[in-house]
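The following report looks at how two parts of one chain meet.

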Amino acid sequence: MKFLQKSLNAKLTKSDLLIVFGCHGKKIKLPQGVKIPVSALESFVCSSGQKRITDSIKGPFQRVLMVGLGESKKIDAENIRRAAAIAVKEARKNKLESITYWAAKNYGFDAGIFGQALAEGAVMGSYRLDDFKKSTEGLKKVTFHTGEIIKRGAKRGIAIGNGNCLARRLQDTPANKMRPRDLVREARKIAKNSVSISVKVFDEGAMKKMGMGSLLSVSEGSFEPAYLIHLIHRPKAKTGNKVCFVGKGLTFDSGGISLKPSGKMHEMKYDMSGGAAVLGVFDVLSSISSDVEVHGLIPTSENLPDGKATKPGDLVTAYNGLKIEVLNTDAEGRLILADALAYAAKKIRPDAMVDLATLTGAVVVALGHEITGVMGNDDDLTQSLVEAGKRTSEMVWPLPIIDLHKKEMKGIVGDLRNISGPATGAGSSTGGAFLSYFVGETPWAHLDIAGSAWGAAQRDYQGGEQGTGVGVRLLIDYLESI
Ligand code: BES
Ligand code: ZN
Ligand code: ZN
């Protein structure tokens, strides 16, 4: 899909559909030279989410779509995103190939954010996984005609929307086509296309030498080798800030010897959603830079049962020297994250570190599919992620880690165990408590995205059974806020 940006006074070129927005009580203004039946224009009520498509009587467009934004005082980024996505959906329904957004006004809303939300909605709304389908028909070209400030915002929005779509494509791709080695390929591709981004990949031999016994234990039962991907974005001008994002990259989680029930096992292709989000963030950084030095770590592997697989009760040694009893091989995300977090704390030494992981089924029970759980060791960091969540509508809600949760993760044979006792409950918090043993003194937040990564409610630009790319918009917003 091609996204083009033009200014308001640039010549209008032919396309199948013109999209215009309107607010309650304000007449919709069409570009000069475009006409639609007066009755359609005058009877349209611009309530939020309302739309009407009509034939054009004059101008270079076949049809015109009006989309309502509601009352101007109540406009927020989310209804702009959704309005833009509604338009893409309408274009797809009518099997159109090219569409043009005309945004002459920002209705009192911040023009930059208006542009960003407009483009995010259009790009994310156009997401479709068609890599594995024969037909190639569909939307090909999207043009934005806007004023200068909206245009700058829209440029960001296109980059951010594309990063979100990349994450979703990686998520939705079946696990036999998105293996650890495929995530490595995707990371290399991002680094190759950017001057500011480089990548290092640790293979199993390198990880063995470094003593990452926890990470390596998860893929003992798989033919696919594990990797630790390390992406680095170095800004031109150093501001001194350094952050590290760590994403769980389990390309398939069968549970291992502690095998999962088969009913929903196919959903475990999504167990790499944290890693997908980190790749999405770097994809965004490759087109809009950031002053922050950003590191991305993706431990990636497959969790399968086999004669060689790690067994419940086995003891493994992590990068920081702690010995872990693997009492349940299905609590594997924390095992691969443990080594990645300990590596980040020791070698990267960031000012802040955020991990994203589809870590626990418990967070789905607690917060459902619309909200990401956050916990960690630094209230300011937690709060900045909650605020970023509000701004991006990728909501984040704090969960506690108390001393009891940490105590519960102490082992009998080794230093730690990877699950708590059966009566403790608080599955998401005990998962976070386990991770806390590997972050040292580094300010750290853990985002449990097991609920929010896929299967969320319909919001026009995302929703339904597929991946949401959660984390990309959130972390880009967080980077901007520091
Ligand atoms: N990948 C799963 C978590 C998960 C489950 C995500 C369902 C989304 C939907 C994780 O590796 C896992 O299996 N966690 C266990 C932990 C338990 C054994 C302590 C869980 O949540 O049941
Ligand atoms: Zn698991
Ligand atoms: Zn898992």
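How many residue pairs are in polar contact between domain 1 and domain 2 (both at pLDDT 80 or more)? There are seven such pairs, a polar contact being a pair of N or O atoms within 3.5 Å, where within protein one must be able to donate a hydrogen and the other to accept it, and where residues adjacent in sequence count only if both atoms are side-chain atoms. The elements that give two or more residues to the side of domain 1 that touches domain 2 are α2 (77-93) and α3 (111-125), helices being DSSP runs of H or I with at least four residues, numbered from the N terminus. Of these, α2 gives the most, with six residues.

This is a predicted model, in which local features need pLDDT of at least 70 and side-chain atom pairs count only at pLDDT 80 or more, while totals for chains, interfaces and linings use all residues. Residues are numbered from 1 along each chain as its sequence is written, and side-chain values use heavy atoms, with hydrogens and water left out.

The domain bounds, which come from an automatic or database domain assignment, are as follows.

| Domain | Residues |
|---|---|
| domain 1 | 2-148 |
| domain 2 | 166-481 |

The contact (heavy atoms within 4.5 Å) takes 14 residues from domain 1 and 15 residues from domain 2. About 1300 Å² is buried between domain 1 and domain 2, with carbon and sulfur atoms giving 55%; this is the accessible area (1.4 Å probe) that two parts lose on being put together, summed over both. In domain 1, Arg82, Met124 and Tyr127 lose the most area to domain 2, together 40% of what that side buries.

Arg82 also forms a salt bridge with Asp460, the closest N and O atoms being 2.8 Å apart, and the count between the two domains is four salt bridges, each a side-chain nitrogen of Lys or Arg within 4 Å of a carboxyl oxygen of Asp or Glu.

Conventions: Chains lettered and ligands numbered in written order.
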